[in-house]
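Please open the structure in the viewer and follow the stops below in order. Each stop names a selection and then describes what is found there.

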Amino acid sequence: MKYDLVTIADLCIDILFVGDVTPEYGQVEQFVADYHVELGGSATIFASQFAKMGGNPAFFGVIGNDIFGAMLSEKLKSNGVSTEFLTTDTQFKTAVGLGLAKGDDRAMLTYKGTMADATPELVLKSGILGSAKHLHIASFYLMDQLNPLWQTELPKLKALGHTVSLDTNWCPDGSWEKVHSILNHIDVFIPNEEEALHISGQSTCDEAGKWLNEKVKLVVIKRGADGARVYQNGTVVNHEVPAKLRANLVIADTTGAGDNFASGFVYAWLKGREISEAVTLGMRCATGSLAHIGGIQGQLKP
Ligand SMILES: Nc1ncnc2c1ncn2[C@@H]1O[C@H](COP(=O)(O)OP(=O)(O)O)[C@@H](O)[C@H]1O
Ligand SMILES: [Mg+2]
């Protein structure tokens, strides 16, 4: 097959202003120190890192017929991500996330626009689901309009021998249990610790890992600076962030660390590498982007 995996993106443009400034109404004009414009969305970061390692992701995203849509298309291409399945919508404008970073805090405003327009009908019509033997689902809750699609298509894909990985990311409205009905179709689940606790309803990482491992064969819980824990066949293996990666690590922004981790892990796992090797590649990808604003700059390019 031409592609290594399929992913459906919460594609948007991220604009981040950086400065020691609190916005003020009353037509108050203030200056910021810097700004960044970057590809946004969890699956977008995942796919970009996957392509930079030499993989070929089939990528579905919806853009508007506007300047930000054109910019997203160009940026995807320059990161090596195919735009074959990029769909242009004429009804909505391209999704934009606007952030103002002040110290280690930030205020965020999001216009969902075309992001909400990635509907089950459009995804099915594109034919993308059959274009690779693996599917990676990112932003399960943010793209919850796709839930009916996963309910009908995951059993079919599994029956065809496809594999599926999942990184739900955060659930904005707290309805964490929504993911329960698809867990039995997932081969690799890669949540962070807080997400794993919410989804399982357990109170420790190991309890959550064991609970999830009864439903999913391979569970990798990301634990920020504490590394990751892998649950498989009822066993647990702890993986610390290697000293080599921790040395001289300057953290500018943790956006995308988990998405880049998932990308490295899945890349190695699909190649049949040992779990410990997949975790290490995940950590190399994750720590690469920590020194930069956003999840794209600093991605691993072996
Ligand atoms: N402060 C940190 N120091 C070192 N490594 C980190 C740090 N934060 C994240 N990482 C790396 O990124 C991976 C994923 O980060 P994490 O924050 O757990 O995921 P998410 O972004 O999904 O919440 C970790 O497993 C680790 O390898
Ligand atoms: Mg995450």
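Two strands count as paired if DSSP finds at least two bridges between them. The model on display is predicted.

**First stop: the open sheet.** Select β3, β2, β6 and β7, which in that order make up an open sheet of four strands with mixed pairing. The edges are taken by β3 (34-40) and β7 (105-111); each has a single partner strand, so one side of each lacks a neighbour in the sheet. On average, neighbouring strands here are turned by 15° against each other, direction ignored.

Now restrict the selection to β6 (residues 96-102) and β7, which pair in the antiparallel sense over seven bridges. Which residue of β7 stands opposite Leu98? The residue to display is Leu109.

**Second stop: the helix across the sheet.** Add helix α2 (residues 67-78), which lies across β2 (12-18), β3 and β6. Relative to β3, α2 runs at about 75°.

**Third stop: a surface patch.** Show the side chains of Phe17, Val32, Tyr35, Leu98 and Leu109, which form a nonpolar patch on the surface. Together these residues have about 470 Å² of accessible area. Phe17 belongs to strand β2. Is Phe17 buried or partly exposed? With a relative accessible area of 32%, Phe17 is partly exposed, because the buried class ends at under 20% and the exposed class begins at over 50%.

**Fourth stop: a covered strand.** Move to β4 (residues 57-64), where eight of eight residues are buried. In a regular strand, side chains alternate between the two faces of the sheet. Colour the two sides of β4 separately: Pro57, Phe59, Gly61 and Ile63 are on one side, Ala58, Phe60, Val62 and Gly64 are on the other, and all are buried.

Next, bring in the partners of β4. Strand β1 (residues 5-8) runs parallel to β4 and is joined to it by four bridges; Thr7 has Phe59 as its bridge partner in β4. Strand β5 (residues 86-89) also pairs with β4 in the parallel sense, over four bridges. Here Ile63 stands opposite Thr88 of β5.

**Last stop: a loop glycine.** Select Gly113 in the loop between β7 and α3 (120-126). Its relative accessible area is 10%, so Gly113 is buried. Leaving aside residues up to four places away in sequence, Gly113 touches Phe92 and Lys93. To end the tour, draw a distance from the C-alpha atom of Gly113 to that of Phe50: these residues are 63 apart along the chain, and the two atoms are separated by 26 Å.

Methods
Residues are numbered from 1 along each chain as its sequence is written. Chains are lettered from A and ligands numbered from 1 in the order in which they are written. This is a predicted model: local features need pLDDT of at least 70, side-chain atom pairs count only at pLDDT 80 or more; totals for chains, interfaces and linings use all residues. Side-chain values use heavy atoms; hydrogens and water are left out. Axes are lines fitted to C-alpha atoms, for helices over the stretch in contact, and angles run from 0 to 180 degrees between N-to-C directions. Contact means heavy atoms within 4.5 Å. Patches are made of residues with over 30% relative accessible area and no salt bridge: like charges are joined within 9 Å, nonpolar side chains (Val, Leu, Ile, Met, Phe, Trp, Tyr) within 5 Å. Accessible areas come from the Shrake-Rupley method with a 1.4 Å probe; for residues, only the protein chains shown count as cover. A salt bridge is a side-chain nitrogen of Lys or Arg within 4 Å of a carboxyl oxygen of Asp or Glu. Buried means under 20% relative accessible area, exposed over 50%, partly exposed in between (1.4 Å probe, protein chains only).
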